[in-house]
Structure formats: C-alpha cells, structure tokens
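Visitor: I'd like a close look at one part of this protein, please. Could you walk me through it slowly, as you would for someone in their first year?

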Amino acid sequence: MEQKILILSSLLKERIWGGSFFKDVLKKTTSDEKIGEMWSCSAIKDSESIIINRNLKGEKLSDCFKNHKELFNNSTLNEFPILIKLIATSDVLSVQVHPDDTYAKEHENSMGKTEGWLILKAKENSNIIISHNAKNKEELINYINNDDYEHLLKKVNVHEGEFYPIPSKTIHALGKDLLLLEIQQSSDITYRFYDYHRKDKNGNERPLHIKQAIECTSFTPYNYEIKNVLKEDSCIVWKNQYFLVSEQKINDSFIINNTNHDYLIVSVVKGSIKVNEYTLNLGDCFIITSLCEKQEILGNGIIVITKSLI
C-alpha cells in the first residue's frame, strides 16, 4: 500500500480548566464550551484521530495501525504507542501523577504514562507544579492528611520555548494561561492528588485517587536540565525509553529524510506548513509512514518530530 503520509483529524475536549482559545484563536469550534485540549494524534478508544487523506480516508488510527503494519515499520505492538495533544489552560489543572508501565499493567490493563511538555506560550508569571518536598511516603501522607499542599508541592515559573520532561511517577500540574504541546505514551490513566477543592458545574468536587497516587509517587529528585528548544534551528528535545522528540525550523522548504524507514509523527507548533496538497497549522499532526523515504515540507514555521522507540 503506497500511503506514504497520513494526515490526521483532531478532537476537542471540554475541561473544567479550559477556555475560549480553540474558538477565538484557532477557530476550531463555534461552541462556548470550555475547551482545554485538542487531541491531534490519538488512538485512544472513543477519542481517535481519523485519517483524512487518500485511500485510507475515514479509517481510525488504531485500525490503520493494526491492519497496515507495513506503514509502521512492521511494529509488533498491539496498540499505537503515542498520544499528542495541544493544551490551552485558562485555570490551574489538578495535581496528579501517572503510573509506570508495571503499575498500570497490573491495576489498569494499560501502558503507563511518561509525557513531556513544550511550552508554546506563557504569561509573565505562568507556572507549573513539578515534583514535591516529601522525603518518603510517611512525609507525603502527613502533608496530604494536613491538606498542606502549599508546602508539599514545588512550583516553577515557565517561559515560551522550554521543554519539561514528565516521567511517570512524577507529581505535576499545569498552571493557568499556558499553551503547550504534550507528547506522551498512549495512556489516559491519571491519578488525581488534589484539585483545590474546586467544584464542577453540578456543585461537586471531582474524585481524587489518593491511594493510587501515593503508591505511584517517586521520591527521586527531579533533576532535568530545562532548555529552551525553540531558540534552536534544529535540536534533539528529549529522548527516553519510549520516544525521541526533535524540533526543526522550516524556512520556505525542508526535506525530512527517512532512510531508516521509521514512522514519524510531525506536529506543527508555530506558523503554517504545506505537506503535498494539505495545509497544516498550530497543533495539527501528520504521520510520515515507513514507506516514505523523503518528504518535503513547505512554508514557514516550527515542527516537532516524534519517533516511537518501542
């Protein structure tokens, strides 16, 4: 099958902390719902990207991955391994932690969730929560029992262009007034630690998952060097055991060489690009399949390229 690239549809998600960015700026909807996320490359059940080009038009990404392994370097995986989202926050997110593969497989029949955040826009005092001050499980439980999240959680001011690795078992939360690209394992498992006693539209606090969160939390210090990747013309952003992320500026024309016959997920994070006859803008994704050895990209902007390593 000579389907060399897959252009993907996206799916909007309403969130309690969402706002009007996807309506007012991206023009992706006319709804007044609080939209917080656009899932741009997803094979999660009931939240899937649909292929919109050529002879696979209308097929779900999960079905394509299962039925056309030649497009995906003959992967032996049963499920597509990557999920990519564009996120815009108008309020703070809940404090949460994700399980690793071992815990997720045993308790959720799922893969774990390691992710990374590329900050695309941030106001002057925008921040995130990343890691904590508890030295061990006993201290963590004491902080939780005393509702003392102010002293438990570590806040970090963030800036446009920075990339933050979020390995599984890391306590984390996004602050408000942020726009970012999230690249993660294809898992929707989240254990909510704390939600600021916030109530939904029905007057109820959202459920917490304290037991699971405590069991999954790491006490290893967060020790990643944070770099501003969007200042570079081209760079490796992050490599972990699951995926490799790189960044590339596009000035009029750029050719991606895929001589290793990988499958590569390309996300637009700035500007506008053209791939064959398709114009793609902020947050849009397409896949360069294993059958494509060389792909020209036209336009001016910045792309992020994600390669699965499993």
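In which sense do strand E6 and E13 pair, and over how many bridges?

Guide: Happy to, and keep in mind that this is a predicted model. Strand E6, residues 82-89, and E13 run antiparallel to each other, and they pair over eight bridges. To find one of those spots, look for Ile82: its bridge partner in E13 is Gln185.

E13 has another partner too. Strand E8, residues 115-122, also pairs with E13 in the antiparallel sense, this time over seven bridges. Here you can pick out Glu115, which stands opposite Gln184 in E13. As for E13 itself, the strand covers residues 178-185, and eight of its eight residues are buried.

Now step just off the strands to Thr114. You'll find Thr114 in the loop between helix H3 (101-108) and E8. Its relative accessibility is 6%, so Thr114 counts as buried. Leaving aside neighbours within four places in sequence, Thr114 is in contact with several residues, including Ile183, Gln184 and Gln185. Other contacts of Thr114 include Ile166, Pro167, Ser168, Trp238 and Phe243. With Ser168 there's a polar detail as well: a polar atom of the Thr114 side chain lies 3.1 Å from the backbone nitrogen of Ser168.

Two of those names, Trp238 and Phe243, turn up again in an aromatic cluster, together with Phe163, Tyr222 and Tyr224.

Let's go back to E6 and see what it adds to the nonpolar interior. The largest nonpolar core has 43 residues, and among those with the most contacts inside it are Phe72, Phe80, Leu118, Leu120 and Ile287. E6 gives this core its largest share, four residues. Try clicking on Ile287: setting aside neighbours within four places in sequence, Ile287 touches Leu6, Leu61, Phe72, Phe80 and Tyr263, among others. There's also a second, separate core of 20 residues, and Ile144, Leu153, Ala213 and Cys216 are among its members.

Since aromatic residues keep popping up, let's look at how their rings meet. The model has 14 aromatic pairs. In one of them, the ring centres of Phe65 and Tyr263 are 6.4 Å apart and the planes sit at 65 degrees, so this pair is edge-to-face. Phe65 belongs to helix H2 (residues 61-67), while Tyr263 is in the loop between strand E16 (243-257) and strand E17 (264-275), so the pair ties together parts 198 residues apart in sequence. Phe65 counts as buried because its relative accessibility is 0%, and Tyr263 counts as buried at 5%. Phe72 and Phe80 make another edge-to-face pair, because their planes are at 80 degrees, with ring centres 6.1 Å apart. Both Phe72 and Phe80 are buried.

Phe65 has one more companion: the charged end of Lys69 sits over its ring, 3.8 Å from the centre. You can spot a similar arrangement at Trp39, where the charged end of Lys13 sits over the ring, 4.5 Å from its centre.

One last stop, back on strand E16. Asp252 is in that strand, and Asp252 has a positive phi of about 75 degrees even though it isn't a glycine. With 54% relative accessibility, Asp252 counts as exposed.

Technical notes. Residues are numbered from 1 along each chain as its sequence is written. This is a predicted model: local features need pLDDT of at least 70, side-chain atom pairs count only at pLDDT 80 or more; totals for chains, interfaces and linings use all residues. Side-chain values use heavy atoms; hydrogens and water are left out. Buried means under 20% relative accessible area, exposed over 50%, partly exposed in between (1.4 Å probe, protein chains only). Helices (H or I, at least four residues) and strands (E, at least two) are DSSP runs, numbered from the N terminus. Two strands pair if DSSP finds at least two bridges between them. Rings of Phe, Tyr and Trp (its six-membered ring) pair if their centres lie within 6.5 Å; planes under 30 degrees apart count as stacked, over 60 as edge-to-face and the rest as tilted. A charge sits over a ring if NZ of Lys or CZ of Arg is within 6 Å of the ring centre and within 35 degrees of the ring normal. A nonpolar core is a set of buried Ala, Val, Leu, Ile, Met, Phe, Trp, Tyr and Cys residues joined through side-chain atoms within 4.5 Å. Contact means heavy atoms within 4.5 Å. A polar contact is a pair of N or O atoms within 3.5 Å; within protein, one must be able to donate a hydrogen and the other to accept it, and residues adjacent in sequence count only if both atoms are side-chain atoms.
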